[in-house]
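Here are a few notes to read alongside the structure. I hope they help as you look around the model.

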Amino acid sequence: MLGDEEDVFDSVTWESPSAPYHADHTVQPSGPGFKQSTAGTEDERGPHDPKWEGYLIVTVKDPVKELAETKDAYVSYLVSAKTNLPIFFTPNPSSRRRFQDFVFLRDHLVKDFPACVVPALPDKHRLEYLTGDRFSPEFMERRRLDLHRFLERISRHPTLQRSTLVRAFFESTEWHVHMHQHLAHPPGPEPTPGLIDNISDTLLNAFARVRKPDERFLDMRESVDKFEDGLVVCERLWNRVRGRTNGGGLAPGEDLTADYHDLAVAVQGLGFLESGITDPLSHFSNTLLEFSALLRHKTQTTTDPFLVHLHSLLTYSHANRAVLKLRDQKQLDFEELSDYLSGVTQERDRLSAVISGHAGSTGLGLSAYLKDKVDSLRGADDDRSRVEKMRKLDVKIKELQDAVTTAHETSDAFSDETLREQTIFQYTKEAEMKEMLGNLADGEIEFYQSAMEEWERIIPIIQRIRVDV
């Protein structure tokens, strides 16, 4: 039915030993993000393969409304973990955190680890914040699941899981003090304004394209495009399925759950008219009501969580796309700085040729000749001004050479880290899709098994109806 989209998920390996979504505490955790160590596998790892130093298994549970009778009410969540990472002081840390604490954690992980794919948080600007329903059990449970998925993605990341900020998030009893300390003394050096910050914005235009693209990253971007297109198609189709099954606001005849309910009422009314089969028809009406309830239950426990997880995976892919875009920007910085250095060097060579009397042999063409004439008309053609300008250009060339070297090293390092990030993202994507589609299959199987039991119970009752010929 999808046609062109049938190869969208070709990159997902369903039989891979992906990280278990719900780890059994009696079994040693294994798989991406839960590896105990990589000892003895160094020869098998490639230069861009990630390295895990241990496992971090997280849970978010027990949402509680704090300061319930005040205008400052909020919801706190119990976050806990099981880990063997050496950075943690205890193997079973736990603490209570509110949504703003998750926001702080996410924002500063993005700043501290710009080359890492940091998952997004659920949007806070929702209708529930306007209507006051953000303290309803349904909303708090959805939010808990979203926050659990956010921490789980961080726990699967070999760099983020060892962050001191993540450790403090789980362990610190003085989290607010730690937040202020982190703001005052970030783990990395404060970025200082350099030459690259003083160049015109038109030079480092965010809409410019990399002139020498790396085929590896072009393939990655194409893979991300196909993956996101597939998720969008799935989300659209399953929203359509949900609407037809339990649409609520749909027109009559388009909501299957409501149709079965109305059919049950009609059959019950028919039973009142047929005195000889009133009891069997009543049982049949009850079966229809049960089936309608099963459809509604499947929507709430299977379809809706699937759609939420699907959309969350799409936003996670957007974060991955942002890292790829940032890598392109690093390469673009290097290319534009190199061009700027080339232009300044040519200008310096032109002035040197003019002073030495060999302006015609520089090969700089008509533009250089016209520039000389303009400088002459402005009275800026004396050798002293040219020498002074050459001296300034020499200083600028030295600064640019250092900046180009730094930009080149940064671009190469960022590219290497991006390659590792893609491997990590692939691991996480495989684990989540396996868990997400597995839950969907389990929910559908449970629904159809329950439906079969309901219909099988009504068959003997219907068969007992006597029909006189």
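1. Please keep in mind that this is a predicted model. A good place to begin is the side chain of Arg97, which makes a polar contact with the side chain of Ser95 at 3.5 Å. Arg97 itself belongs to strand E3, residues 94-98.

2. What about a charged partner for Arg97? Arg97 is buried yet has no salt bridge. The nearest side chain of opposite charge is that of Asp101, 4.8 Å away, and a salt bridge would need the charged atoms within 4 Å.

3. Setting aside neighbours within four places in sequence, Arg97 is in contact with Val75, Ser76, Tyr77, Val79, Phe102, Ala168, Phe169, Ser172 and Trp175. Two of these names, Ala168 and Phe169, come up again among the buried residues of H4.

4. Helix H4 spans residues 164-171, and 7 of its 8 residues are buried, so the helix is largely enclosed by the rest of the structure. The buried residues are Leu165, Val166, Arg167, Ala168, Phe169, Phe170 and Glu171. They pack against strands E1 (56-66), E2 (74-83) and E3, and against helices H1 (99-112), H3 (137-155) and H5 (175-184).

5. Do look at the N-terminal end of H4 too, where Ser163 acts as a cap. A side-chain oxygen of Ser163 lies 3.1 Å from the backbone nitrogen of Leu165.

6. Last, a stop in helix H11, residues 383-463, where Thr418 is found. Is Thr418 buried or exposed? Thr418 counts as buried because its relative accessibility is 0%. Leaving out residues up to four places away in sequence, Thr418 touches Phe217, Val323, Leu324 and Arg327.

Definitions and conventions
Residues are numbered from 1 along each chain as its sequence is written. This is a predicted model: local features need pLDDT of at least 70, side-chain atom pairs count only at pLDDT 80 or more; totals for chains, interfaces and linings use all residues. Side-chain values use heavy atoms; hydrogens and water are left out. Helices (H or I, at least four residues) and strands (E, at least two) are DSSP runs, numbered from the N terminus. Buried means under 20% relative accessible area, exposed over 50%, partly exposed in between (1.4 Å probe, protein chains only). Lys and Arg count as positive and Asp and Glu as negative; His and the chain ends are not counted. A polar contact is a pair of N or O atoms within 3.5 Å; within protein, one must be able to donate a hydrogen and the other to accept it, and residues adjacent in sequence count only if both atoms are side-chain atoms. Contact means heavy atoms within 4.5 Å.
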